[in-house]
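Thanks for coming, everyone. Please have the sequence and the model open as we go.

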Amino acid sequence: MESDASSITTAKSEPRSTEGESNASTTTTATAEPKSTEGRRWADVADDEPEEVPETSDGTSTPPDLGAMTIGDSSRGNQTLADPEDSSIEAVTSGDTPYKSAKTFEDLNLSPELLKGLYVEMKFERPSKIQEISLPMILTPPYKNLVAQAHNGSGKTTCFVLGMLSRVDPNLRAPQALCICPTRELAIQNMEVLLKMGKYTGITSILAIPADREHYVPVGKMPPIDKQVVIGTPGTISKWMTAKKLSMSFMKILVFDEADHMLAESGFQDDSVKIMKNILKSSPQCQILLFSATFNDAVRAFVDKIHKDLFVRDYNQMFVKKEELSLDSVKQYKVYCPDELTKVMIIRDRILELGEKVGQTIIFVRSRNSTAVLHNSLVELGYDVTTIQGALKQEDRDKIIREFRDGLTKVLISTDVLARGFDQSQVNLVVNCDLPIRHNSMEPDYETYLHRVGRAGRFGRKGAVFNLICDERDKMLMEKIEKHFNIQAAEVSSWQSEEDFQDALSKAGLV
DNA sequence: AAAAAAT
């Protein structure tokens, strides 16, 4: 993984309105971490690739001491002394709390039970780079809010799950940690990680997603929640909260997964802000973590605003530069084709079989209706594909996901319900049958594009994306995407040539 | 347009 060879840079910013504090200015960089050859690290680095990173300057490198560096800026404090060529993750800490990077889990004062979960269940050996940086910021008092950006497939989930588990007091039988996710699938997936990592801790948890019909209990008849960690979707959480079934009085940590989406999208934003305000009212000290691979300027401004409006507290940040965000390990292609109908032929004749050879495939389309159209034409032709979208019954959604997770199905057609966060290591191929587009505009949806790409190449694995381009609008969208991420998607020269597709996959390192 | 969710 090339990104491991880059360095960490950190910068210190000052909280607004604290003047006259001393600002020692230094920068430190960390060189490539030595790789362990046996077992897995916490982030499950691609195990099929022999790691050949030499243990260079290991002994000579300075550990990144996250507090004691660089300048404070009076405004937002994004100023750093980083070498722009060399920085892939940047931490901006706020205030005077010194943060020391966590080279081992023992550095973090975790309970023995949690450590056992990390080593035995998760098979982690030591913190990854983003964990090394973010965990001390999460776990060091005073507990400050954190806005954390990290690459797709780099293990954000394990970061905030570990954060929640270690901040919960196992002896207090009340909700203390809350995680809000954009989809039920993501909530379920995060819960699975929590159960695994927290297996020996005895910490209790509950999913807050709508129950299916036979398990439905009216909220009024529900007993109050006494579980310590709650993970769910905004509607259900908000419902429980309003009905006073979910007490916010002991809440210590609130996590927004895919935070940019949760805070920016209408429909999500209202619930998210409502929950946040409600928690802060009864639990003003609650720590808020915002995690995502993408934070655009509008979201950043909003985050800054809510901090001013609601908390008036300073917050820490960790982020990645836009140019370094698109995954190097996933090769992106464009396929020109004459019309929409041809897209189906291409998927059928060129992509499906090749895709099955290299693992599993997700095909993204724009609308629920398009999933049905594509699904039917492929099934009619005898192909075994399944489809997921938000209008399906929960049981069906669960079944489709289960079958895909178990490897019983190889090709999944999906709306953007799976664009974010869905983690299935066997997905090596992503097809954008439609490019993602911003509602009511001709602009591409850059964030969604990046998240879709990120469904392949989990944890540094190889992957490929085929973008099907059939008219001027597609072409324009693709050009904008390339420009935005400063990449050049390779062209599959002829959609009619099986060899060209074969070639594309081999260039992506998949065959 | 899609996502969540409750009506």
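Let's start at one residue. Leu207 sits in strand E5, residues 205–208. Helices (H or I, at least four residues) and strands (E, at least two) are DSSP runs, numbered from the N terminus. Leu207 is partly exposed, at a relative accessible area of 28%. Buried means under 20% relative accessible area, exposed means over 50%, and partly exposed is in between, with a 1.4 Å probe and protein chains only. Leu207 touches Ala187, Ile188, Met191, Ile231 and Trp240, leaving out residues up to four places away in sequence. For contact, read heavy atoms within 4.5 Å. Arg184 is 23 residues from Leu207 along the chain, and their C-alpha atoms are separated by 9.2 Å.

A word on ground rules. This is a predicted model, where local features need pLDDT of at least 70 and side-chain atom pairs count only at pLDDT 80 or more, while totals for chains, interfaces and linings use all residues. Residues are numbered from 1 along each chain as its sequence is written, chains are lettered from A and ligands numbered from 1 in the order in which they are written, and side-chain values use heavy atoms, with hydrogens and water left out.

Now the whole chain. Chain A has 14 helices and 16 strands. Of its 511 residues, 56% are buried. Take the contacts in chain A between residues at least 6 apart in sequence: 81% of them join residues at least 24 apart. Chain A exposes about 21600 Å², and carbon and sulfur atoms supply 50% of that. Those areas come from the Shrake-Rupley method with a 1.4 Å probe; for residues, only the protein chains shown count as cover.

Next, the inside. In soluble globular proteins, nonpolar side chains tend to be buried together. Here, the largest nonpolar core has 78 residues, and Leu110, Met164, Met197 and Ile231 touch the most other members. A nonpolar core is a set of buried Ala, Val, Leu, Ile, Met, Phe, Trp, Tyr and Cys residues joined through side-chain atoms within 4.5 Å. A second, separate core has 31 residues, including Val230, Ile237, Met276 and Val299.

Leu263 is worth a look too. You'll find Leu263 in helix H6, residues 259–264. Leu263 is buried, at 1% relative accessibility. Setting aside neighbours within four places in sequence, its contacts include Met276, Phe302 and Val303. Val303 is 40 residues away along the chain, yet the two C-alpha atoms are separated by 8.3 Å.

Which helices are mostly covered? Helix H2, residues 129–139, is one: 11 of its 11 residues are buried. At the start of H2, a side-chain oxygen of Ser128 comes within 3.3 Å of the backbone nitrogen of Ile130. Helix H12, residues 446–453, is another, with eight of its eight residues buried. Then there is Asp474, in helix H13, residues 472–485. Is Asp474 buried or exposed? Buried, with a relative accessible area of 3%. Beyond its neighbours within four places in sequence, Asp474 contacts Lys343, Leu435, Leu468 and Ile469.

A few backbone oddities. Most residues other than glycine have a negative phi, and most peptide bonds are trans. The bond from Pro141 to Pro142 is cis, with omega near -5 degrees. Pro142 is in the loop between H2 and strand E3 (145–149). Asn109 is not a glycine, but has a positive phi of about 60 degrees. Asn109 is exposed, at 74% relative accessibility. Lys123 also has a positive phi, about 60 degrees, and lies in the loop between H1 and H2.

Last stop, the DNA. Which residues come nearest to DNA strand B? Out of 21 around the strand, they are Thr233, Arg368, Gly390, Arg397 and His439. Sugar and phosphate make up 72% of the strand B atoms that come within 4 Å of the protein. A polar backbone atom of Gly390 is 2.5 Å from a phosphate oxygen of the strand. For Thr415, a side-chain N or O atom is 2.8 Å from a phosphate oxygen. His439 goes to a base: a polar side-chain atom lies 2.7 Å from a base nitrogen. Helix H5, residues 234–242, gives the most to the surface near strand B, with three residues. Near means that a heavy atom of the residue lies within 4 Å.

That's the tour.

Key: Polar contact = N/O pair within 3.5 Å; in protein donor to acceptor, adjacent residues only side chain to side chain.
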